Amino acid sequence: MSDFPGVLRVGDLEVAVSVSERRKSVRLTVERDASITAVVPSQVSRTELTKVVEAKRSWLYGKVAEKRDLGEAPPDREFVSGEGFLYLGRSYRLRVVDSGDVRLIRGRLELARGGGAKELVGWYRRVGHPWLTRRVQPWVTRIGVEPSGLRVRPLGYRWGSCSRDGQVNIHWATMQLPPTLIDYVLVHELAHLHRADHGAEFWRIVEHALPGHEDYRERLRRTGHDLWLPEEGR
């Protein structure tokens with residue numbers, strides 16, 4: 001019998017694993033939403049599957065890059081007054097000031113002189129946590145799950161992830177999206193607390209919570225290409 005959990009982590013790769021008595025070898029798939037799934041024979045161990053994933057690492061990165069919703073990062077922003085940065089779907093102009101923490105005030109996003117990507121990513125994470133914590137509550141009730149916590153952090157080219165203990169992780173870059181698309185990201189991750197894979201039952205849960213989810217998914221795919229995603233913030 002396989003000795004790994006439903007989700008296997010190998011470095012920065014997260015693989016949703018299911019066991020099939022009919023499989024004779026490991027099948028790795030990069031889904032349309034850039035998540036990675038593995039169907040394995042019952043006798044495959046965690047160590048053996050880890051070796052398979054490591055051997056396929058370059059291929060997996062390539063496929064994820066092709067399908068990721070966040071898309072190729074657009075040209076990097078300049079940290080000068082007048083540059084635009086998205087927050088909750090609206091663009092705010094940057095205002096460089098002499099000192100102080102990043103803050104949104106009177107319709108301008110203030111950044112201390114000499115600051116850059118690190119400070120702005122930190123701001124998205126800082127404001128994102130309380131906003132997302134409030135926003136997720138109605139969906140928690142609707143889907144009928146009990147997440148153990150919510151974190152806002154870099155997640156490479158994934159919008160979100162969840163762990164076996166119920167921890168939900170959301171990419172800080174989601175705070176650039178319109179709230180309705182953030183809702184889709186939240187629903188997607190909460191649904192994984194019921195189903196780790198992307199099978200028919202998983203999508204049934206998503207659709208029940210958010211009717212017309214395919215439209216949201218397509219809008220997310222298109223919108224992701226416009227987001228700011230610096231190398232150090234992935």
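Here is a short walk through the strands, sheets and helices of this structure. Keep in mind along the way that the model is predicted.

Let us begin close to the N terminus, with strand β1 (residues 7-10) and strand β2 (residues 13-19). These strands run antiparallel and are joined by four bridges. Together β1 and β2 make a hairpin, with two residues between them. If you look into the turn, you will find Gly-11, whose phi is positive, at about 65°. Two pairs of residues help to trace the hairpin: Val-10 stands opposite Leu-13 in β2, and Leu-8 has Val-15 of β2 as its bridge partner.

Stay with β2 for a moment. Five of the seven residues in β2 are buried, so this strand is mostly covered. Besides its pairing with β1, β2 is joined to strand β4 (residues 36-40) by five bridges, and here the two strands run parallel. To find this pairing in the model, look for Ala-16, which stands opposite Thr-37 in β4.

Next comes an open sheet of four strands. Following the sheet from one side to the other, you meet the strands in the order β5-β6-β8-β7, and their pairing is mixed. At the edges are β5 (84-87) and β7 (103-105), each of which pairs on one side only. On average, neighbouring strands of this sheet are turned by 45° against each other, when direction is ignored. Within the sheet, strand β6 (residues 90-97) pairs with strand β8 (residues 108-112) in the parallel sense, over five bridges. Here Arg-95 is found opposite Glu-110 in β8. Helix α3 lies across β5, β7 and β8, and runs at about 20° to β5.

A further open sheet has three strands, in the order β9-β11-β10, again with mixed pairing. Its edge strands are β9 (149-153) and β10 (160-162), and each pairs on one side only. Neighbouring strands in this sheet are turned by 20° against each other on average, direction ignored. β10 and strand β11 (residues 167-171) run antiparallel and are joined by three bridges; Gly-160 stands opposite Ile-170 in β11. Helix α3 packs on this sheet too, touching β9 and β11, and the direction of α3 makes about 145° with that of β9. Helix α4 also packs on the sheet: α4 touches β9, β10 and β11, and its direction makes about 150° with that of β11.

That brings us to the two helices themselves. How are α3 and α4 placed relative to each other? Two packed helices are described by the angle between their axes and the distance between the axes. For helix α3 (residues 117-143) and helix α4 (residues 179-191), the axes come within 10 Å and cross at roughly 55°. The two helices are therefore oblique to each other. The crossing in which α3 passes α4 is right-handed.

Which residues make this contact? From α3 come Trp-131, Leu-132, Arg-135, Val-136, Trp-139, Val-140 and Ile-143. From α4 come Pro-179, Thr-180, Ile-182, Asp-183, Leu-186, Val-187, Leu-190 and Ala-191. Sorted by character, the residues of this contact are twelve nonpolar, one polar and two charged.

Key: Residues are numbered from 1 along each chain as its sequence is written. This is a predicted model: local features need pLDDT of at least 70, side-chain atom pairs count only at pLDDT 80 or more; totals for chains, interfaces and linings use all residues. Side-chain values use heavy atoms; hydrogens and water are left out. Axes are lines fitted to C-alpha atoms, for helices over the stretch in contact, and angles run from 0 to 180 degrees between N-to-C directions. Angles under 35 degrees count as roughly parallel, over 145 as roughly antiparallel, 65 to 115 as roughly perpendicular and the rest as oblique. A crossing is left-handed if the near helix is turned anticlockwise from the far one by less than a right angle, and right-handed if clockwise. Contact means heavy atoms within 4.5 Å. Ala, Val, Leu, Ile, Met, Phe, Trp, Tyr, Cys and Pro count as nonpolar, Asp, Glu, Lys and Arg as charged, and the others, Gly among them, as polar. Two strands pair if DSSP finds at least two bridges between them. Buried means under 20% relative accessible area, exposed over 50%, partly exposed in between (1.4 Å probe, protein chains only).
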